[in-house]
Amino acid sequence: QAPSTFHHYHYYNDIHFNTNTNTNTNTNINTNTNTNIILGHDTTGGGVIWGASVCLLRFLRPAMMHNRTVLELGCGGAAPSILATKHYGARRTVATDLEDATLQQYTRRNAALNGCDANIMEMRKLDWEEEEDTDTDTDDDDDTALLQADVILASDVIYSVAKVPALIRTIHKYLASNDNDSIDQTQSSSSPTIYMATRDGRSGVEEFLQGMRNGFEEVHTEACHLHRKDAPLELQNDRDIYKWQGAHTIHVFQRKNTI
């Protein structure tokens with residue numbers, strides 16, 4: 001059961017929110033699109049609306065997701081997965097997190113609040129540390145096929161240098177190769193791609209970027225700065241606003257072509 005402080009926020013493409021906690025009343029906000037996502041929030045990790053996730057929501061576009069298989073790493077409340085599933089036409093979405101409790105309390109709840117089709121969006125536990133030395137395991141081969149994706153999403157998943165090797169291994173394992181027959185490339189607008197938002201100054205980010213040079217090309221970067229005034233009023237406390245405001249960067253990676 002979700003905590004009693006689990007409030008609902010309405011996300012629009014221009015990153016305005018409805019912060020009215022009375023869920024029977026919605027504030028009308030004029031936007032350039034009709035995209036609307038309902039997000040739950042409390043002060044624990046899986047229930048926080050992280051600034052990096054907001055930056056990723058702002059950056060993503062329908063053409064990046066349409067008819068594609070999407071895997072989100074460290075999903076928490078899974079706002080990017082919900083956007084891909086509900087509004088951007090993903091063919092299949094898998095939202096993954098290390099913690100079962102997060103998947104049950106926040107990921108599943110947010111997906112239900114937004115009416116995501118359970119036949120398109122699913123939730124799975126994924127421990128990056130367990131992705132090593134499993135190449136000869138038949139069951140693992142089955143799991144790899146289930147999680148193989150031509151789009152990987154991640155926001156603020158790097159917070160420790162020690163976790164970087166496991167994250168890079170996981171990306172190598174689950175991002176489809178450019179010629180992978182298991183992914184229907186005819187339905188995709190571009191090569192398999194990683195869209196990631198990082199918080200500037202996080203431990204491990206530079207090491208991650210360095211490690212990704214082995215096999216991947218960073219094809220785009222973009223700054224995203226969130227200000228206190230942009231945040232919902234109920235995030236205006238010291239703990240939550242730290243997780244919202246500040247400088248972030250969008251990174252887009254694709255596999256290097258091999259001849």
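**Exercise 1. Count the salt bridges, then place the pair Asp150 and Arg68.** How many salt bridges does the structure hold?

Solution.
- The predicted model holds four salt bridges.
- One of them joins Asp150 to Arg68, with the closest N and O atoms 3.9 Å apart. The cut-off is 4 Å, so the pair qualifies.
- Asp150 sits in the loop between α5 (138–147) and β7 (151–155). Arg68 sits in the loop between α2 (62–65) and β4 (69–73). The two are 82 residues apart, and the pair links distant parts of the chain.
- Both Asp150 and Arg68 are buried.

**Exercise 2. Locate the partners Glu122 and Arg92 and classify their exposure.** Which strands hold Glu122 and Arg92?

Solution.
- Glu122 and Arg92 form a salt bridge, with 2.7 Å between the closest N and O atoms.
- Glu122 lies in strand β6 (residues 121–125), and Arg92 lies in strand β5 (residues 92–97), so the pair ties together parts 30 residues apart in sequence.
- Glu122 has 25% relative accessibility, so Glu122 counts as partly exposed.
- Arg92 has a relative accessible area of 21%, so Arg92 is partly exposed.

**Exercise 3. Do likewise for Lys163 and Glu129.** Where in the chain are Lys163 and Glu129?

Solution.
- Lys163 forms a salt bridge with Glu129; their closest N and O atoms are 3.8 Å apart.
- Lys163 is in the loop between β7 and α6 (164–174). Glu129 is in the loop between β6 and α5. This pair links distant parts of the chain, 34 residues apart.
- Lys163 is partly exposed because its relative accessibility is 30%.
- Glu129, at 38% relative accessibility, also counts as partly exposed.

Key:
Residues numbered from 1 in each chain as written. Predicted model: local features only at pLDDT ≥ 70, side-chain atom pairs only at ≥ 80, totals over all residues. Heavy atoms only, no water. Salt bridge = Lys/Arg side-chain N within 4 Å of Asp/Glu carboxyl O. Helix = DSSP H or I, 4+ residues; strand = E, 2+ residues; numbered from the N terminus. Buried < 20%, exposed > 50% of the residue type's maximum accessible area, 1.4 Å probe, protein only.
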